[in-house]
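Please read these points with the model open beside you. They start with contacts along the chain and end with the aromatic rings.

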Amino acid sequence: MIRRPPRSTLFPYTTLFRSPSVNTITNANISIYLTSSDTNENLTLNLYRLTSNWTEENASWYNKDASTNWTTPGSDYDTEIIASTLVTNQTGWYNFTITTLARNWVNGTSPNYGLMLYAPNANVSNWKEIASSDYTLNTALRPTITIDH
């Protein structure tokens, strides 16, 4: 769910195939599924690259693992927006193109610590629920990464 605060969620895309050449990646996308919304308001959802390691089971708004705080509450991330999409109140798939970032992960230019979704225009009365990696009602709705090569 994306609420304020926090207005972000973390995605641990830390496993990625090794391509024989970074130039063979023709397209890469992250897809998330909106399961519900409490409002008709649209949200701009930005995708950012995380810049430090963290543990999924211990991460929170303040902590990146069981004993270490984030440098800034929410996460440690590069402020460059990797991709952005407008999320409406319609359930369904929303996609982010990450081709350049996937190439950088493969060639070692950027370490792969995962990604963060952030909704800068969210407020306490405007939430969207997104199926997470542990979503059990329908596992086919969990976030995916698709890399074409």
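1. Among contacts (heavy atoms within 4.5 Å) in the protein chain between residues at least 6 apart in sequence, 81% join residues at least 24 apart. This is a predicted model, in which local features need pLDDT of at least 70 and side-chain atom pairs count only at pLDDT 80 or more, while totals for chains, interfaces and linings use all residues. Residues are numbered from 1 along each chain as its sequence is written, and side-chain values use heavy atoms, leaving out hydrogens and water.

2. The protein chain has one helix and eight strands; these are DSSP runs numbered from the N terminus (helices H or I, at least four residues; strands E, at least two). From the N terminus their order is β-β-β-β-β-α-β-β-β.

3. Of the 149 residues, 42% count as buried, that is, under 20% relative accessible area (exposed is over 50%, partly exposed in between; 1.4 Å probe, protein chains only).

4. The largest nonpolar core (buried Ala, Val, Leu, Ile, Met, Phe, Trp, Tyr and Cys residues joined through side-chain atoms within 4.5 Å) has 23 residues, and I30, I32, L45, L47, F96, I98 and L117 touch the most other members. A second, separate core of six residues includes Y48, L50, W54 and W70.

5. Which rings form an edge-to-face pair 5.2 Å centre to centre? Y33 and W93 do, with 75° between the planes. Rings of Phe, Tyr and Trp (its six-membered ring) pair if their centres lie within 6.5 Å; planes under 30 degrees apart are stacked, over 60 edge-to-face, the rest tilted. Y33 lies in strand β2 and W93 in strand β5, so the pair ties together parts 60 residues apart in sequence. Y33 is buried at 17% relative accessible area, whereas W93 is partly exposed at 37%.
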